[in-house]
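Colleague: I am new to this structure and would like a close look at one part of it, with the surroundings explained carefully. Please take your time over the answer.

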Amino acid sequence: MSTAVETEAHGSPGAADSLLVMEDVGKSYGNVDALRGVSMDVRGGEVTCVLGDNGAGKSTLIKIIAGLHAHTSGTMRVEGKETVFSSPREAQGRGIATVYQDLALAPLMSVWRNFFLGNEMRSGFGMNIAEMKRIAGEELQKMGIVIPDLDRPVGALSGGQRQCIAIARAIYFGAKVVILDEPTAALGVKQSGVVLKYISKMRDSGLGVVFITHNPHHAYLVGNHFIILKLGRVVLDAHRNELTLDQLTAEMAGGQELAELSHELGDLHPERVVEPHTVQPGDVAPPTGAMRIVQGNPDN
Ligand SMILES: Nc1ncnc2c1ncn2[C@@H]1O[C@H](COP(=O)(O)OP(=O)(O)OP(=O)(O)O)[C@@H](O)[C@H]1O
C-alpha cells in the first residue's frame, strides 16, 4: 500500500493572483484515462512544480494547458475565465508559453535571429537587424544571461544558455504563464544551475511558472508548490512549508514501494541495503490543516 497526500485547500483556487486554475481536470484517450481529477492553481510570482515518473500524465497536462489537446472533464480557468483552447496559438495569445525540451531553436542561426524567429521586425523591405539585436541583448541581460556575441549560432552555446534563450523569448513575447517541460533533464549540474537561477528570476518578476521535472532536488530549490502525479492522478499536493526535501524525494521515489523493493533486494544483499525514508501519516504537520494525508492506493 502506498502513502498518498491529498489537499483540501491551499488558499482559494481562482483567487486574484491565480493565472491558471484547473479543477478536477481529466483527459481520456478512448478508454485510457491519462489524467483524472487534477486540480492546480498557478499563481503569479510562484513556481508550481509538477513531478511524476514516465506515464504519470505530465505531457498530457502540458498539452491541455498549451492548447494541443482539450480536456474531457473538469474545468480550466485562465485569469478567471473558463477556457478550452482550440490551438496552441490561442494559448499563446492568452499569455501561456510552453518551452519544450527540443526548444524549437534553429542551431545554425544566431542568438538574435532565434530570439525573433517567426516574429521578425521589419523596416522598409528588409529586417530591422540592429533593433532586433539591441532588444535581444537587452532582454537577455535583464534576466542575467550574459552572451557576449549575439551573432554566435545558438548551436555553439551550452544547453543551459539555450534553455534560457527559449524562455527569455517566450517572456518577451508576452507570456504570463511559462510551462517548462523538463528543462534540466538533459543538463549537467552547472548548466542546471544556470536554468534554475533563471527560473527563480522568472518567479521573482511575477510570472507564473510551471516546472515539469523528474528531479525533486531541482524542484525543491526553486518551487513554491509541489504536485506529484502518478498514473494520471495527484498523489501529493503541498506547499513548500508543508514538506521537506526528504519527504518530496521519498514520495517521488515511490515511498512504500521503494521500501518493499529494498526489502526484496535486502534478501539478496543485506549488507548493502539502505532503508529509504518513507512518508508516514503524521510526518507532515500542516500549519492550518491545509494538507491531509491518506493511506491508500492512488490507482483506485
Ligand atoms: N495520444 C494518446 N493515446 C492514447 N494514450 C495516450 C496518449 N497520450 C498519452 N497516453 C497515455 O496516457 C498516459 C500518460 O501519458 P503522458 O505522456 O502524459 O505521461 P508522461 O508523464 O508525460 O510520461 P513521460 O515522462 O514518459 O513522457 C500513459 O499511459 C500514456 O500511454
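Colleague: Which residue takes a positive phi just after α8?

Modeller: The residue just after α8 is Gly254, and its positive phi is about 105°. Before turning to the helix itself, please keep in mind that this is a predicted model, with a mean pLDDT of 80 for the protein and 81% of its residues at 70 or more. Over residues 1–14 the pLDDT is below 50, although this stretch has 45 contacts in the model beyond near neighbours in sequence. The pLDDT also stays under 50 over residues 283–300, where the model has 39 contacts beyond four places in sequence. The scores of the model are ipTM 0.94 and pTM 0.78.

As a setting for the helix, the protein has nine helices and 14 strands, and 40% of its 300 residues count as buried. Among the contacts with a separation of 6 or more, 70% are between residues 24 or more positions apart.

Helix α8 covers residues 245–253, and its buried residues are Gln247, Leu248, Thr249, Ala250, Glu251 and Met252. These buried residues pack against the strands β4, β12 (225–230) and β13 (233–239), and also against the helix α7.

Two of those partners, β4 and α7, lead on to helix α6, since the buried residues of α6 pack against β4 (46–52) and α7 (216–222), as well as α5 (159–172), β10 (177–181) and β11 (208–213). Helix α6 holds 16 residues, 189–204, and its end C-alpha atoms are 22 Å apart, in agreement with the 22 Å that it should span at 1.5 Å a residue. Its buried residues are Ser192, Val195, Leu196, Tyr198, Ile199, Met202 and Arg203. Seen down the axis of α6, these fall within an arc of 160°, and therefore they line one face of the helix. In general, residues three or four places apart in an α-helix point the same way, because there are 3.6 residues a turn. On the other side of α6, Lys190 and Asp204 are exposed. After α6 comes Gly206, which has a positive phi near 95°.

Helix α4 can be read in the same manner. Its 14 residues reach 20 Å from the first C-alpha to the last, close to the 20 Å expected at 1.5 Å a residue. Met132, Ala136 and Leu140 are buried in α4, and seen down the axis they fall within an arc of 55°, so they line one face of the helix. The face turned away from this buried side carries Ala130, Glu138 and Gln141, which are exposed. The buried residues of α4 are covered by elements including α3 (111–115), β9 (126–127) and α5. Gly144, which follows α4, has a positive phi near 80°.

Within α4, which runs over residues 129–142, Met132 gives a view of one buried position. Met132 counts as buried because it has 20 C-beta neighbours inside 10 Å. Leaving aside its neighbours within four places in sequence, Met132 is in contact with Trp112, Phe116, Met121 and Met127. The C-alpha atoms of Met132 and Arg122 are separated by 9.4 Å, these two being ten residues apart along the chain.

The positive phi values named so far belong to glycines that follow helices, namely Gly254, Gly206 and Gly144. Most residues other than glycine have a negative phi. Against that background, Asp24 has a positive phi near 55°, and its place is in strand β2, residues 18–29. Asp24 is exposed, because 12 other C-beta atoms lie within 10 Å. Glu182, also a residue other than glycine, has a positive phi near 45°, and it lies in the loop between β10 and α6. With 19 C-beta neighbours inside 10 Å, Glu182 counts as partly exposed.

Finally, there is the ligand, which is surrounded by Tyr29, Val32, Ala34, Gly52, Asn54, Gly55, Ala56, Gly57, Lys58, Ser59 and Thr60. The elements that give two or more residues to this shell are β3 (32–43) and α1 (58–66), and α1 provides the largest share, three residues. By class, the shell has four nonpolar, six polar and one charged residues.

Key
Residues numbered from 1 in each chain as written. Predicted model: local features only at pLDDT ≥ 70, side-chain atom pairs only at ≥ 80, totals over all residues. Near = placed C-beta within 6 Å. Helix = DSSP H or I, 4+ residues; strand = E, 2+ residues; numbered from the N terminus. Nonpolar A, V, L, I, M, F, W, Y, C, P; charged D, E, K, R; others polar. pLDDT = per-residue confidence, 0-100. Contact = placed C-beta atoms within 7 Å. Expected span 1.5 Å × (residues − 1). Arc of directions from axis to C-beta.
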